[in-house]
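Reader: Please take a close look at a single part of this model, and set it in the context of the rest of the chain.

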Amino acid sequence: MRDQAVVQKVGNRSGLSGTRRSTSAVQRPSKRSQKSDLAERLRNLSGYFPSLLKVALAVGLGVMLFLGYRAAAAASFFQIRQVEVQGASRVSGDEVQALVRREASKTGVWNADLNMLSEKIERLPWVRNAVVSRVLPDGVRVRIAERIPVAVVRTAAGRFRWVDEESVPLGEMSPADHMPAFFLRGLSEEDTEIARRENIDRVRMFLALQGESEAAGLSERISEVNLMDVKDVRVQLAGNDSQIELRLGSQETNKRLQEGLRVLDQQRQLPRGRFISYIDLSYGKRVVGFISGAHVSAGTDEAESAIAAQQSSGQTPIRETSQKEATKRPDKTTRPNEKGRADSTPGAER
């Protein structure tokens, strides 16, 4: 019994030691397998090297092409040599060419900023629109649409300048220009958005009155139209009536213009006709003003017969006022000028 117990214990120890040896024997092959896996991965990764090299070569080639493009664009091959200007009549073609050459010489034709060139050209007088295009390798073409002059404005300084329908100031009127039917006065010279909008309205009113007066054959009797106050349109006559002003208000200006000229022609038949200073039709009434100090008898036979004829025909009687009486009515006969002082009727004695 004792021997069996000893044998059994010895067997257990040997069994434990055998287990340890077998475990260590199994672990050694596992380390070798890890090394083999790493080597296999490296071999697999090396298979991608040709693809990576291709990508790197493609990127490098792209960079070289870009740098070459930049160098070619800045090279003498694209330096500006020709500037073609089309549609320039009043616009100075030499001025446009000089502007384009100055700007494009900095970058070359290929890199020229066409939008910037168009904006700078459109700032020149008479230019309404400018389209700029490249003519490779060394040219630029500019197509210009000019502004159309529609009226001549007499400025506060006494100069005569053309404006277009948008009231944009153009060049000064030259002796070779066609003389307009009459002039425009009263445009604001302030550089504000409100002033520009008001000037557009003034030009629109002027063109409407100009067209109607030409259709009625009355344009030759007008020297200028004053639109400083659009609610108080005033017309200065021309020729032998150059000292007379017609005040038309803001409504039915063409109808009142014709009525004022008809009244003037009637009054010219009377002795006092040569002393007329203005005719006011602003409020639908006909008020005739005379030069202050004119010795006119209102009781002459001609005057009485004219007034009687008007009353019998049902027409509104003409009210006569002298210049002194008119100055008491600032709402109709006087108005502030540019400097804030009272602007008296042209031709009146002071």
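Which strands does H4 lie across?

Author: Helix H4 lies across S2 and S3, and its direction makes about 150° with that of S2. Here helices (H or I, at least four residues) and strands (E, at least two) are DSSP runs, numbered from the N terminus. Axes are lines fitted to C-alpha atoms, for helices over the stretch in contact, and angles run from 0 to 180 degrees between N-to-C directions.

This is a predicted model, in which local features need pLDDT of at least 70 and side-chain atom pairs count only at pLDDT 80 or more, whereas totals for chains, interfaces and linings use all residues. Residues are numbered from 1 along each chain as its sequence is written, and side-chain values use heavy atoms, with hydrogens and water left out.

The sheet beneath this question is open and has three strands in the order S1-S3-S2, with mixed pairing; two strands pair if DSSP finds at least two bridges between them. Its edge strands, each pairing on one side only, are S1 (82-86) and S2 (127-135). On average, neighbouring strands are turned by 20° against each other, direction ignored. S1 and S3 (residues 139-146) run parallel and are joined by five bridges. Within that pairing, Glu84 has Arg141 in S3 as its bridge partner. In general, strands of a sheet pair through backbone hydrogen bonds, either parallel or antiparallel.

Helix H3 also packs on this sheet: it touches S1 and S3, and its direction makes about 140° with that of S1. Contact means heavy atoms within 4.5 Å.

The two helices meet each other as well. The axes of H3 (residues 93-104) and H4 (residues 114-121) come within 11 Å and cross at roughly 145°. The crossing is right-handed; a crossing has that hand if the near helix is turned clockwise from the far one by less than a right angle, and is left-handed if anticlockwise. On the H3 side, Val96, Leu99, Val100 and Glu103 take part, and they meet Met116, Leu117, Lys120 and Ile121 of H4. These residues divide into six nonpolar, no polar and two charged, where Ala, Val, Leu, Ile, Met, Phe, Trp, Tyr, Cys and Pro count as nonpolar, Asp, Glu, Lys and Arg as charged, and the others, Gly among them, as polar.

Elsewhere in the chain, Gln210 is placed in helix H5 (residues 193-215). Gln210 is buried, with a relative accessible area of 13%; buried means under 20%, exposed over 50% and partly exposed in between, with a 1.4 Å probe and protein chains only. Residues up to four places away in sequence aside, Gln210 touches Val150, Ala181 and Phe182.

Finally, the setting. The chain has nine helices and 15 strands, and buried residues make up 33% of its 350 residues. Of its contacts with a separation of 6 or more, 51% join residues 24 or more positions apart. The mean pLDDT, which is the predictor's confidence in each residue from 0 to 100, is 77 for the chain, and 66% of the residues reach 70 or more. Over residues 295-316 pLDDT stays under 50, and the model has 21 contacts beyond four places in sequence for them. Residues 322-350 are likewise below 50, with 54 contacts beyond near neighbours in sequence.
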